[in-house]
Amino acid sequence: MQIDCHVHTALHSGCAIMNPDEVCQTALQCGLSGVVFTEHHVLWSRAELDKLEAKYPKLHLYGGVEWSISEGYDIIAISKAPLPQIALFAPLEDVLEKIEAIRDDTILISAHPFRFVDRIDEGLDRVFRVCDAIEVASGNILRAGFFHLAQKFVSNRANLYSAAAQHYDLIPLYNSDGHMQEALGTFANIYPDVSMGSQDWLVDYLRTVRPKQLQNPERIRMYLQRKGCL
């Protein structure tokens, strides 16, 4: 079972250049079992997801959101409950206040925290302390620099991600952070093959099961070439 928990579409994220059908078609071609749409400050409705999923019954679709906060970092939220509207660059305190009633039903993921920094400042420390998981690999993370190890792509800041995951007891996740088709299938989370269920099931599963990394070097190379990094 392979799930990508960080994907954007041109429908709801202005920085993305692939439409939802292209996401689904490419995800299936790459062997993914599930995709979580995590648009910037926009949450897909269950009705939208069900309509799209009906066209691609072999792919499980879920909804989340990526919030950019005033501390300069990004948090992905995936919840069993409806998520509140959060203003762009709202302080972390405001985010926590608005989700307080549904916090136990929500997984918070620190998205690409070391993409632009190489240390843990006060703001990032606060982010890590409230999150459940950390994104440790993605195409965007590699754009900050990488090297090759045993035919794999490794971030120059891999040690920072690993140390943060261990120190703050965060579940490491591997996602595409896809904004274009070339990004899909670069990274994903490998889980034991189980019967995939509802959004509620996904939240509980992500919070309790640690995945293995799926990495496709060929697709990573194609993505980095497209972004001018190779």
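**Entry 1: charged pairs in the helices**

I began with arginine 46, which at 33% relative accessibility counts as partly exposed. This is a predicted model, and I kept that in mind for each of the entries here. The side chain of arginine 46 meets that of aspartate 50 in a salt bridge, with 2.9 Å from N to O. I then checked where the two sit: both belong to helix 2, residues 46-55, and they are 4 residues apart, about one turn of the helix. Aspartate 50 also counts as partly exposed, at 39% relative accessibility.

I looked next at arginine 129 and aspartate 125, which form a salt bridge whose closest N and O atoms are 2.9 Å apart. These two are 4 residues apart in helix 4 and are therefore separated by about one helical turn. Here the accessibilities fall into separate classes: arginine 129 is exposed at 57%, while aspartate 125 is buried at 19%, a value that I set against the limit of under 20% for buried.

**Entry 2: a salt bridge across the sequence**

Which residue forms a salt bridge with aspartate 74? I found arginine 115, with the closest N and O atoms 3.9 Å apart, which I noted beside the cut-off of 4 Å for such a bridge. Because aspartate 74 lies in strand 4 and arginine 115 in the loop between strand 5 (106-111) and helix 4, the pair ties together parts that are 41 residues apart in sequence. Aspartate 74 is buried, with a relative accessible area of 11%, whereas arginine 115 is partly exposed at 21%.

I also recorded that Glu71, Glu93 and Arg126 are linked in a network of salt bridges, and that the count for the structure comes to 11 salt bridges. As a general reminder to myself, side chains of opposite charge can pair when their charged atoms come close.

**Entry 3: aromatic rings**

I turned to the rings and found 7 aromatic pairs in the structure. One of them joins phenylalanine 37 and tryptophan 44, which are stacked at 4.4 Å centre to centre with 10 degrees between the planes. Phenylalanine 37 is buried at 0% relative accessibility, and tryptophan 44 is likewise buried, at 6%.

A further stacked pair consists of tryptophan 201 and tyrosine 205, with 4.9 Å between centres and 25 degrees between planes; I checked that angle against the limit of under 30 degrees for stacking. Both residues lie in helix 7 (residues 199-208), 4 residues apart, about one turn of the helix, and both are buried. Elsewhere I noted one aromatic cluster formed by Phe114, Phe128, Tyr161 and Tyr168.

**Entry 4: the nonpolar cores**

Which residues of the largest nonpolar core touch the most other members? Of its 38 residues, they are Trp67, Ile75, Val127, Phe128 and Ile134. I then asked which elements supply this core, and found that those giving at least two residues each include strand 3 (60-68), strand 4 (74-79), helix 3 (92-99), helix 4 (122-130) and helix 8 (217-226). Phe128 thus appears in my notes both here and in the aromatic cluster.

I followed isoleucine 75 further: leaving aside neighbours within four places in sequence, isoleucine 75 is in contact with Val65, Glu66, Trp67, Ile69, Leu92, Leu108, Ile109, Val127 and Cys131. Among these partners, Trp67 and Val127 are also named with isoleucine 75 in the core.

A second, separate core has 20 residues, among them Ile76, Ile171, Leu202 and Tyr205; tyrosine 205 is the ring that I had already seen stacked with tryptophan 201. In soluble globular proteins, nonpolar side chains tend to be buried together.

**Entry 5: glycine 145 and the hairpin**

Lastly I looked up glycine 145, which lies in the loop between helix 5 (139-142) and strand 7 (146-149). Is glycine 145 buried or exposed? Its relative accessible area is 17%, so I entered glycine 145 as buried. Beyond the neighbours within four places in sequence, glycine 145 is in contact with Val154, Ser155 and Asn156.

Strand 7 runs antiparallel to strand 8 (residues 152-155), and 4 bridges join them. Histidine 148 has phenylalanine 153, in strand 8, as its bridge partner. The hairpin of these strands has 2 residues between them, and in this hairpin alanine 150 takes a positive phi near 50 degrees. As a distance check, I noted that glycine 145 and threonine 26 are 119 residues apart in sequence and 26 Å apart in space, C-alpha to C-alpha.

Methods
Residues are numbered from 1 along each chain as its sequence is written. This is a predicted model: local features need pLDDT of at least 70, side-chain atom pairs count only at pLDDT 80 or more; totals for chains, interfaces and linings use all residues. Side-chain values use heavy atoms; hydrogens and water are left out. Buried means under 20% relative accessible area, exposed over 50%, partly exposed in between (1.4 Å probe, protein chains only). Contact means heavy atoms within 4.5 Å. Rings of Phe, Tyr and Trp (its six-membered ring) pair if their centres lie within 6.5 Å; planes under 30 degrees apart count as stacked, over 60 as edge-to-face and the rest as tilted. A nonpolar core is a set of buried Ala, Val, Leu, Ile, Met, Phe, Trp, Tyr and Cys residues joined through side-chain atoms within 4.5 Å. Two strands pair if DSSP finds at least two bridges between them.
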